[in-house]
Amino acid sequence: MSKGKKGGKRITRRQMTEIIEQFFSSQPGKRFSLKEIFRQLRLETHPMKMLAMDVMDEMAWDDFLQKKGDSAYQLNTQGQVQVGTFVRKQNGKNSFIPEGSDKPIFVSERNSLSALTGDKVRVAFMARRQRHIREAQVIEIIKRAKDTIVGTIKIDRDVAFLIPLENTFTSDILLAKRRLKGGKDGQKAVVKITQWPDETNKTVRGEVVDVLGDTGDNNTEMHAILAQYGLPYKYPKAVEEAAKKITGEITADDEKEREDFRDTWTCTIDPHDAKDFDDALSLKKLDNGLWEVGVHIADVSHYVTEGSIIDKEAQKRATSVYLVDRTIPMLPEHLCNFVCSLRPDEDKLCYSVVFNLDDEARVKKYRIVHTIIRSNRRYAYEEVQQLLEDNGVVDGTGQPAPPPTKKNPYKGEYATELITLDRLAKKLRDARFKNGSVKFDSEELHFDVDEKGKPTRCYYKRSKDANKLIEEFMLLANRTVAESIGRVKKGQKAKTLPYRVHDNPDPQKLETLKEFIAKFGYRVKTEGSRTAIARSLNTLMDECEGRGEEKAIQKVALRAMMKAKYSVHNIGHFGLAFDYYTHFTSPIRRYPDTMVHRLMTRYEQGGRSANERYYEELCEHSSDMEQIAQNAERDSIKYKMVEFMGEHVGEEFDAHISGIQSYGIYCEIDENHCEGLVSMRDLDDDFYDFDEKNFCLVGRRRHHKYQLGDAIRIRVAQANLERKQLNFEIV
């Protein structure tokens, strides 16, 4: 810094403020005398010293600094220095999330200390005066979120480096040419960071730990997505070998200790390409006129003992990951597809919730028992759906099939059983919505891929009656298991159990929804009981169904919802309107379900309540891994979407606006539901302002408006596989 000047000009008050902020923020806890401050900042003229003292006095008044006596200052660390998580954004609008809070605080790029998303950092808060917003500066990176990076190797004569896949990474990574593990120019690799940047050296160095393969190869790209999120793309051999030693043999002791359902009609209903059948349904008419419906779940915890090598790997993974063209299982294939899978015509061990239901699907009695079953038939959802439609069950009406007659018997194998289960499921569904369960009929994007993983078709699948049949009985079983432990007499404490909890919607976002839908003539309740708000949301979904604004309204409504997670502290499940809910029905692919099975068995045998803190940590880990898996799944969908649309560059399509951001418009093609971005810089007919509250862009001169949900005609401009990004132009 020059003496009282900067760049040939005198230092302004604002510049002096920034200089002093930077000086104290980078040295929290240190006290400086005026003499030291003047010397280190090179303030030699009397006017500059007076300006600095004036600014520091104002900062002390704002509690940014503490004044010690008449001639010393230090950073006010009381409330000014905090620890939390860093979130890096591509546009430089990074943020800091303090521990115990979900409110982000802005961190500019120059104050980020090259922190990356997920890093645990210590920040100092800067004065609010300049921008009237709270801003933080990273002063220490306490713990890096990860030390491996995925990217593309580039070799240029004597220099090798890695170009990271993550757009938010601060720089390329310098590689030692002798440590490339055979990696070649243009190949994707996983690199371990050996040197992070610091104040004196900004270079990032690393060494290759695994070469994934050639860029563009399907296996390489899918493994790169997994590696990018720290998810495994190989199964440890030692764990697979341990799994292969498990035979699945049912012993005489197993038969003595379990209820036998092998003579009761039982089936599984799953996606057509599934191999891990972890749930089955049985049906029997009882002498008292009630229906006995068994929800039978693979007894994974019988085979995977707590603390074993298989259990430790499953706990670490916490969930199976479903990419477009493959499943990365939580358990070794021998267990999930063979030993535990409820395959037809094989005796299998289960943990079951058995209900006695009347014709209105009201639960008269239930029991939670260990069982042996033998599935009569394996169905795909499409088969069951076709059978229901062939017998007069019209999808979505909730109407049961007409009773069979000699002249018109039900068509299809085990049709009577399936139609009865469907009828009972529809009664359960009706009752659930009457009690305030929120009605979001989700659509899932699917791809048909060839033997090389290349997408040949892109389409949405909507949940039909066959899917809903299974869903309702799984929800009933999960709810019943949670209630059996959580619902206790007044004054008693429930035993520890992982719950699936879902908090009430964000009140501020509900108000945003209310204002947004008012433009279309709709109303929604934002205050009152959980049930009243949920019913109001359901009414809104019914009213806008089939209309042009339906998707836009559903998107804004979904944004108001909180994320479901796992916790031993039960707060109920808003979306389902259940006071008690857990996950019990998928232990092959979710670790929390295995935890619940173990605890239920323990309590059934008279065991004491488990350690609450230990299970809460497992719940937090499972929630985190679920989110990471979902991010990886989304990335695989984006990749296949871009790959599919790469064949259509230059073509035009009808679309609608599916998202509005400050940097552009997201548009979804009506025909195949592929989504791309129209960049703000391509909207060159006007200068557009982003109206975040009303989800629109508004032109300054002509006042043309781009609104969420608007119909639009686009041209595919570019399909960038490396960035997994489609770029559109407005026609």
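Trp 265 is buried in this predicted model, with a relative accessible area of 9%. Its ring pairs with that of Tyr 414: the centres lie 5.5 Å apart and the planes stand at 50°, so the pair is tilted. The pair links distant parts of the chain, the two residues being 149 residues apart. Trp 265 is in the loop between strand E16 (259–260) and strand E17 (266–270), while Tyr 414 is in the loop between helix H10 (381–390) and helix H11 (415–434). Unlike buried Trp 265, Tyr 414 is partly exposed, at 26% relative accessibility.

**Aromatic rings and charges**

The count of aromatic pairs comes to 11. One of them joins Phe 24 and Phe 32, with ring centres 5.9 Å apart; the planes meet at 80°, and angles over 60 degrees count as edge-to-face, so this pair is edge-to-face. Phe 24 is buried, with a relative accessible area of 0%, and Phe 32 is buried as well, at 5%. Ring pairs further link Phe 23, Phe 24 and Phe 32 into a cluster.

Charged side chains also lie over ring faces. Lys 285 is placed over the face of Trp 291, 4.4 Å from the ring centre. Arg 432 is placed over the face of Phe 433, at 5.0 Å from the ring centre.

**Two tyrosines and an aspartate**

The table gives the location and accessibility of three residues whose surroundings are then described.

| Residue | Element | Relative accessibility | Class |
|---|---|---|---|
| Tyr 322 | strand E20 (residues 321–323) | 32% | partly exposed |
| Asp 422 | helix H11 | 2% | buried |
| Tyr 459 | strand E26 (residues 455–462) | 16% | buried |

Asp 422, in helix H11, forms a side-chain polar contact of 2.9 Å with Lys 426. Beyond residues up to four places away in sequence, Asp 422 touches Leu 388, Val 393, Asp 465 and Leu 469. With a relative accessible area of 2%, Asp 422 falls under the 20% cut-off and therefore counts as buried.

Tyr 459 belongs to strand E26. Its side chain meets that of Asp 448 in a polar contact of 3.2 Å. Asp 448 also appears among the residues in contact with Tyr 459 once neighbours within four places in sequence are left aside; the others are Glu 444, Leu 445, His 446, Phe 447 and Asn 672. Between Tyr 459 and Ile 173, 286 residues apart in sequence, the C-alpha to C-alpha distance is 39 Å.

Tyr 322 lies in strand E20. Because its relative accessibility of 32% is between the 20% and 50% limits, Tyr 322 counts as partly exposed. Leaving aside neighbours within four places in sequence, its contacts are Asp 276, Thr 327, Arg 589 and Glu 633. The C-alpha atom of Tyr 322 is separated by 33 Å from that of Pro 507, the two residues being 185 residues apart along the chain.

**Helix H16**

Helix H16 covers residues 591–604 and has 14 residues. From its first C-alpha to its last, H16 reaches 20 Å, close to the 20 Å expected at 1.5 Å a residue. Of the 14 residues of H16, 12 are buried, so the helix is largely enclosed by the rest of the structure. The buried residues are Tyr 591, Pro 592, Asp 593, Thr 594, Met 595, Val 596, His 597, Arg 598, Leu 599, Met 600, Thr 601 and Tyr 603. H16 is followed by Gly 606, which has a positive phi, near 90°.

**Cysteines**

The structure holds 0 disulfides. For Cys 350, the closest cysteine sulfur is in Cys 340, 9.7 Å away, which is too far for a bond because a disulfide requires sulfur atoms within 2.5 Å. Cys 350 is buried, at 0% relative accessibility. For Cys 544, the closest cysteine sulfur is in Cys 696; the separation is 19 Å, so these sulfurs are likewise too far apart for a bond. Cys 544 is also buried, with a relative accessible area of 0%.

Conventions:
Residues are numbered from 1 along each chain as its sequence is written. This is a predicted model: local features need pLDDT of at least 70, side-chain atom pairs count only at pLDDT 80 or more; totals for chains, interfaces and linings use all residues. Side-chain values use heavy atoms; hydrogens and water are left out. Buried means under 20% relative accessible area, exposed over 50%, partly exposed in between (1.4 Å probe, protein chains only). Helices (H or I, at least four residues) and strands (E, at least two) are DSSP runs, numbered from the N terminus. The expected span of a helix is 1.5 Å times one less than its number of residues. Contact means heavy atoms within 4.5 Å. Rings of Phe, Tyr and Trp (its six-membered ring) pair if their centres lie within 6.5 Å; planes under 30 degrees apart count as stacked, over 60 as edge-to-face and the rest as tilted. A charge sits over a ring if NZ of Lys or CZ of Arg is within 6 Å of the ring centre and within 35 degrees of the ring normal. A polar contact is a pair of N or O atoms within 3.5 Å; within protein, one must be able to donate a hydrogen and the other to accept it, and residues adjacent in sequence count only if both atoms are side-chain atoms.
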